[in-house]
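Please work through the exercises below with the sequence and the three-dimensional model at hand. Each task is followed by a solution in steps.

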Amino acid sequence: MSTLTVGLIGAGGISRVHADAWRALGVRGYVTSLDGAEEIAAEYGFEVVDGVDALIERVDLVDIVTPSSTHADFALRAIARGRDVICEKPLAATAEAAADVTAAAARAGVRLFPAHVVRYMGEYAQIKAGIDAGRIGTLAVQRFSRAGSAPQTGWFFSERAGGGVIRDLMIHDIDQALWFAGPVDSVYAVQNPPTVDDRVPAPVTAHVVLTHRNGVLSHLHASWVQPGMPFRTSVEVAGSEGRLRYDSAEDATLRTDAVVPEGDADYLPPMSPEESPYYAEIADFVSAIREGRDARVTPADGIAAVAVAEAAYASIARGAAVSLAETPGAAHAATAPTEEVAR
C-alpha cells in the first residue's frame, strides 16, 4: 500500500496535535497556512505548500484545522477535487452549511469526518459503554461541565465568525449529550455576561438544558475563565439504578488539567501521540477509509451538534426555551445523508 499523503490546512494551536498524530501514523505530510506553516513543517517533517488549492492537488486527504468560519469553504474545495476530508469541530458555522458539505461529500463519493475528539477520550467512551450495557438502568439525567482559559485569538469572540463559548467549547459536550442520550426536542440556554455587538465577553459562562426525545435531561455548563487557569472537565450520568461520573480534577492518573503557556492559542493537556485522543480519532478515521466502515463520528453527528448549538443561541436571543424543530438547523440535521461506505 502506498504511503498516505495528508494536507494540513492551518497552523494554529490545534494543528500540532493533529500533526503529531499524522507523524505517528507515518504519513507524508504537507501544510499550508497564512501564518506558522514553516514552524509546523520544521517540527513535524511536513512540506510547506503555497496555497490551499495547490495543497489539495498534492494529497489524498485534507485535514482542516482553521477558524470555524472557513471550515465549509475549505471542505467543499477539497471535496470538489475528490479528496477525503477531516474537519475540526464544528463541521461548519451553521447546520445548513454543515449539511451542504455533507451532501457534497455524499455526491462526490468521498469520506467526511467531523473531528469531535471527546468521543475518543477513554473516560467518556467508558461511560457510553456503561450506558449501553445498562449498568445504570434507564438513563434519566446528564450533567457536563467544561471550563478553561479563554482563547487568545480574536475570532473566538465573534459569534458571526463561528466563535462563541457554546459553538466552540460547549459543542464538545453537546456532542457527548447526543451520543449518550440521542436526539433533542428542546433547548434552553443562558449566557452571562451576554454577547454585545457580536463581542463575546471573557470571562464568560453559558448553561444549556437539553430535553431529549426520550425524556432524558442534559445540563451543560461551559466557561472561558482567566488566563492561566487549569482546564477542567467533568461528566455525570444518572439512571434508575446508579450513576457514572468522571472529573478530570479528581483523578491523578487520568488528569487533563493544563496551564496555558504564555502566547498559546489553545489549552491542551500534555500527552504522547499514542496516549492522545487526537491520535485515536485520526487513526479511526484512516482505518474507516481503508476498511470501508463508519467511524465513531459521522457527518450526521457533526450536523446535529451544530444544530443544537444554533438552537442554544436562538434560546438566548428569545429568553425562553426553543423547540429544535423551530430552528433553521433542525431540518438539515433530520435529513442529513448517512455515511455511504460501500464503494
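The exercises begin with the whole chain and then turn to helix contacts, aromatic rings, single residues and one loop.

The model is predicted, so local features need pLDDT of at least 70 and side-chain atom pairs count only at pLDDT 80 or more, while totals for chains, interfaces and linings use all residues. Residues are numbered from 1 along each chain as its sequence is written, and side-chain values use heavy atoms, with hydrogens and water left out.

**Exercise 1. The whole chain**

Task: State how many helices and strands the protein has, and what percentage of its residues count as buried.

Solution. Step 1: The secondary structure consists of 10 helices and 13 strands. Helices (H or I, at least four residues) and strands (E, at least two) are DSSP runs, numbered from the N terminus.
Step 2: Of the 343 residues, 55% count as buried. Buried means under 20% relative accessible area, exposed over 50%, and partly exposed in between, with a 1.4 Å probe and protein chains only.
Step 3: Among contacts with a separation of 6 or more, 68% come from residues 24 or more positions apart. Contact means heavy atoms within 4.5 Å.

**Exercise 2. Two helix crossings**

Task: Describe how helix H1 meets helix H8, and how H7 meets helix H9.

Solution. Step 1: The axes of H1 (residues 15-25) and H8 (residues 277-291) come within 9 Å and cross at roughly 55°. Axes are lines fitted to C-alpha atoms, for helices over the stretch in contact, and angles run from 0 to 180 degrees between N-to-C directions.
Step 2: H1 and H8 are therefore oblique to each other. Angles under 35 degrees count as roughly parallel, over 145 as roughly antiparallel, 65 to 115 as roughly perpendicular and the rest as oblique.
Step 3: The residues in contact include Val17, His18 and Trp22 of H1 and Tyr278, Ile282 and Val286 of H8. By class, the contact of H1 with H8 has 10 nonpolar residues, one polar and no charged. Ala, Val, Leu, Ile, Met, Phe, Trp, Tyr, Cys and Pro count as nonpolar, Asp, Glu, Lys and Arg as charged, and the others, Gly among them, as polar.
Step 4: For H7 and H9 (residues 299-318), the axes come within 9 Å and cross at roughly 120°. H7 is thus oblique to H9.
Step 5: Arg167, Ile171 and Asp175 of H7 are among the residues that make this contact, as are Asp301, Ala305 and Tyr313 of H9. The contact of H7 with H9 divides into 13 nonpolar, no polar and three charged residues.

**Exercise 3. Aromatic rings**

Task: Find how many aromatic pairs there are, and describe the pair of Tyr124 and Tyr246.

Solution. Step 1: Rings of Phe, Tyr and Trp (its six-membered ring) pair if their centres lie within 6.5 Å; planes under 30 degrees apart count as stacked, over 60 as edge-to-face and the rest as tilted. The count by this rule is nine aromatic pairs.
Step 2: Tyr124 and Tyr246 are edge-to-face, at 6.3 Å centre to centre with 75° between the planes.
Step 3: Because Tyr124 lies in helix H6 (residues 122-132) and Tyr246 in strand E12 (residues 242-247), the pair ties together parts that are 122 residues apart in sequence.
Step 4: Tyr124 is buried at a relative accessible area of 1%, and Tyr246 is buried at 7%.
Step 5: Ring pairs also link Trp155, Phe156, Phe157 and Trp224 into a cluster.

**Exercise 4. Two single residues**

Task: Is Asp168 buried or exposed, and which residues does Val59 touch?

Solution. Step 1: Asp168 is found in helix H7 (residues 165-181) and counts as buried at 8% relative accessibility.
Step 2: Beyond its neighbours within four places in sequence, Asp168 is in contact with Lys89, Trp155, Phe156 and Trp224.
Step 3: Val59 lies in the loop between helix H3 (52-58) and strand E4 (61-64) and is buried at 4% relative accessibility.
Step 4: Not counting residues up to four places away in sequence, Val59 touches Thr5, Val6, Gly7, Tyr30 and Arg83. The C-alpha atoms of Val59 and Val6 are separated by 5.4 Å, although these residues are 53 apart along the chain.

**Exercise 5. The loop between E8 and E9**

Task: Which peptide bond leading to Pro193 is cis, and is Asp197 buried or exposed?

Solution. Step 1: Most residues other than glycine have a negative phi, and most peptide bonds are trans.
Step 2: The bond from Asn192 to Pro193 is cis, with omega near -10°. Pro193 lies in the loop between strand E8 (184-192) and strand E9 (204-212).
Step 3: Asp197, in the loop between E8 and E9, has a positive phi of about 50° and is exposed, with a relative accessible area of 72%.
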